[in-house]
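Biologist: I would like a close look at a single part of this model. Please define each term as you go.

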Amino acid sequence: MLYVLRYFMVDDFEIKREEFRSEHLRHIRKSVELGKILVGGACGVPIKQGLIIFKAVDQQEVHDFVAEDVYFRNGIVFNYEVNEWHLVAGAELLESTMGK
């Protein structure tokens with residue numbers, strides 16, 4: 001199942017993230033290597049949100065990822081939401097990269 005994780009960032013996110021960024025990126029890379037994260041990145045100028053697309057068994061897997069993320073644990077991400085993603089456009093391309 002695919003899920004979209006949307007992070008909501010604090011004001012001055014780009015400044016406040018600096019001390020935590022390396023650990024946050026390691027956390028993401030680990031999930032990418034495990035095949036759980038397909039793509040992700042920050043949105044806006046200045047950055048106000050982040051989006052990460054997960055391939056997960058259920059929503060709890062995504063919630064567990066958030067609970068372990070240094071950005072969330074330290075209040076750099078002040079809120080988030082997880083939604084099931086019903087992919088319509090580009091499904092063939094995504095499936096070819098996922099090895100479905």
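What volume does the largest pocket have?

Modeller: Two notes come before the pocket. This is a predicted model, in which local features need pLDDT of at least 70 and side-chain atom pairs count only at pLDDT 80 or more, while totals for chains, interfaces and linings use all residues. Residues are numbered from 1 along each chain as its sequence is written, and side-chain values use heavy atoms, with hydrogens and water left out.

The volume of the largest pocket is about 250 Å³. A pocket here is an open set of points on a 1 Å grid over the protein atoms alone, where a 1.4 Å probe fits and protein lies on both sides within 12 Å along at least five of seven lines. The volume is the space filled by probe spheres set on the points, which are joined across faces, edges and corners.

Around this pocket the lining has 19 residues, and H24, L25, I28, G41 and A42 lie nearest the centre. A lining residue has an atom within 4 Å of a point. Two or more lining residues come from each of β1 (2–9), α2 (21–33), β2 (37–43) and β3 (49–55). These are DSSP runs numbered from the N terminus, with helices (H or I) of at least four residues and strands (E) of at least two. β2 gives the most to the lining, with six residues. By class, the lining holds 13 nonpolar, four polar and two charged residues. Nonpolar covers Ala, Val, Leu, Ile, Met, Phe, Trp, Tyr, Cys and Pro; charged covers Asp, Glu, Lys and Arg; the others, Gly among them, are polar.

Next, the loop between β2 and β3 contains P46. The peptide bond from V45 to P46 is cis, with omega near 0 degrees. Most peptide bonds are trans.

β3 also contains F54, which pairs with F65 of helix α3 (residues 59–68), eleven residues apart. Rings of Phe, Tyr and Trp (its six-membered ring) pair if their centres lie within 6.5 Å; planes under 30 degrees apart are stacked, over 60 edge-to-face, and the rest tilted. The F54 and F65 rings have centres 5.1 Å apart and planes at 70 degrees, so the pair is edge-to-face. Both F54 and F65 are buried, where buried means under 20% relative accessible area, exposed over 50% and partly exposed in between, with a 1.4 Å probe and protein chains only.
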